[in-house]
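Q: Please take a close look at one part of this model, the pairing of its strands, and then follow the neighbouring parts outwards from there. I would like the cut-offs stated along the way.

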Amino acid sequence: MTAANRTLAERVAEFTAGLDLSAVPPDVVEKAKVTLLHDLGVGLAGHRLAETGFAFAKENGACDPSRGARLPVDGTAVTVESCALATGALIHARTQDDTQVAVSTHLGSTTLPALLALGDRGDLHGRDLLTAMIAGYEAASVIADGRAWPATARGFRATSVYGPLAAAAASARLLGLGVEETVSALGLAAAFGGGTNQTWLAGTQEWRYQVGAASRNGMVAALLAARGVTGAPDALDGAAGHQRAFAGVEDAPAPERLGGDWRIRRVTYKPYPICAINQVPVTVLTGLARRHGIKADDVASVTAELSPDDAAYPGVDAHGPFRDVGGTLMSLPYCLAVALRNGGIELADLTGFDDPALMDLTRRITVAAADDVPRGGCRITVRTRDGGTRADAFAPDATTFNWDRDETAARLRAMAAETPLTAARLDGFVAVALDLDHRPVRELVGATIADPKE
């Protein structure tokens, strides 16, 4: 079969099933390790927000340790399905996990939970986990390219739509499935995905569990494929397939050769526990306020200009009222109001919806669409009560929030008090994560588990 005749799932499966870490550029392997460190690290710092997911996993999935996987932080053995669901909620708890702006998808919180669960249960090696992680990131990035933003415009949450495909490709690679089985895993995952962005508008909590559900569903797709269950080879690009159903797209861009342009390099991190779209505007405004000595009480109005896609993302232009942090972390007016008042944003700042002064400041901030602002960038204009105007703009590039291992580790250590680990155990976790290509997965999971005596 010629390349032109192969379906998208077949092309992706040929790449992921045959991927070997020795063929991956060293900087890509390093990127995978740093990304894993960041995602699990911010998960540890948000562990209290994942208590409901953990309680659910223990109540409904507790099992004999020989048949299950250990929950991070807790160490309780549960089924791999329950472990993936809870671990996804953990990694996404602060919404500070990695993102890839080009496809509007959180790949870490949908790929890693499945891999950690399967790797811990099967006592697999970290080298295999890293290979599978890269396979999942590349697969989902190619599938979502040119499709994620149309799907978002139709009301879907891209992470819920493309996350199961990432988890399926990654799990299939970790399980050692062949090309045909991996195609079926992708076909099954295409049938298991879905989820909307209404959670941001309603201020409810679906967002906390969408990522874990995506990871669990993709993993189950691979486990079923391993048992011979078939999925449509044209599930992605068929006449009634994934891209037409979710994105309304019939002719999306054909993927470039996988393994040439490593898309995991485009993954970025978050300095603040808020929506990815809001990271640059908050950074720009805090810098502008610091340089010009602008205080919250000085501000008459703020206008934040974003790309049309970013400005239209559900919840970004919301002014409240809010009832959950899912509303405030998405609201750029709220996030900018907090940043003006506090010089940054901490997790505890997201619950200030009953603060009259903060909400008054929020209402003075407007989000607008501008065709000349690139996706992920912004232009901020501050008008002060004395009639002055200050403005700044920023267009992100490949280096924006793309930290190396030292900066990533330093940022996690700055959050040490929010994790369940002592400083020494946190250092141990950092060391294991960054050396995972020489360690078993069980050692990594063990490094996340808190000692109840400490």
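A: Two strands are said to pair if DSSP finds at least two bridges between them, strands being DSSP runs of E with at least two residues and helices runs of H or I with at least four, both numbered from the N terminus. The model is predicted, so local features need pLDDT of at least 70 and side-chain atom pairs count only at pLDDT 80 or more, while totals for chains, interfaces and linings use all residues. Residues are numbered from 1 along each chain as its sequence is written, and side-chain values use heavy atoms, with hydrogens and water left out.

Strand β3, residues 299-306, pairs with two partners that run in opposite senses relative to it: with β4 (residues 365-369) it is parallel, over five bridges, and with β5 (residues 378-384) it is antiparallel, over six bridges. Individual bridges can be located in each pairing, since T303 has T366 of β4 as its bridge partner, and S301 stands opposite R383 in β5. In a regular strand the side chains alternate between the two faces of the sheet.

What lies against these strands? One contact set comes from L336, a residue of helix α16 (residues 332-342), which touches A304, I365 and I380 as well as P281, V282 and L285 (heavy atoms within 4.5 Å), leaving out residues up to four places away in sequence. A304 falls within β3 and I380 within β5, I365 opens β4, and P281, V282 and L285 fall within helix α13, residues 276-292. L336 is therefore in contact with residues of three strands and a helix, and its relative accessible area is 0%, which makes it buried, a term used for values under 20%, with exposed meaning over 50% and partly exposed in between, for a 1.4 Å probe and protein chains only. By contrast, the C-alpha atom of L236, 100 residues from L336 along the chain, is 39 Å from that of L336.

Helix α13 leads on to the largest pocket, because with four residues it gives the most to the lining. This pocket has a volume of about 610 Å³, meaning the space filled by probe spheres set on grid points joined across faces, edges and corners. A pocket here is an open set of points on a 1 Å grid over the protein atoms alone, where a 1.4 Å probe fits, with protein on both sides within 12 Å along at least five of seven lines, and lining residues have an atom within 4 Å of a point. Of the 35 lining residues, T99, Q100, V101, T268 and A276 are the closest to the centre, and A276 is where α13 begins.

The loop between α4 and α5 holds T95, which has a positive phi of about 50° although it is not a glycine, and which is buried at a relative accessible area of 3%. Helix α4 itself is mostly covered, with eleven of its twelve residues buried, and these buried residues pack against α2, α3, β1, β2, α5 and α11. A second non-glycine residue with positive phi, near 55°, is F401, found in the loop between β6 and α18 and buried at 17%. In the loop between α14 and α15 lies P321, joined to G320 by a cis peptide bond with omega of about 5°.
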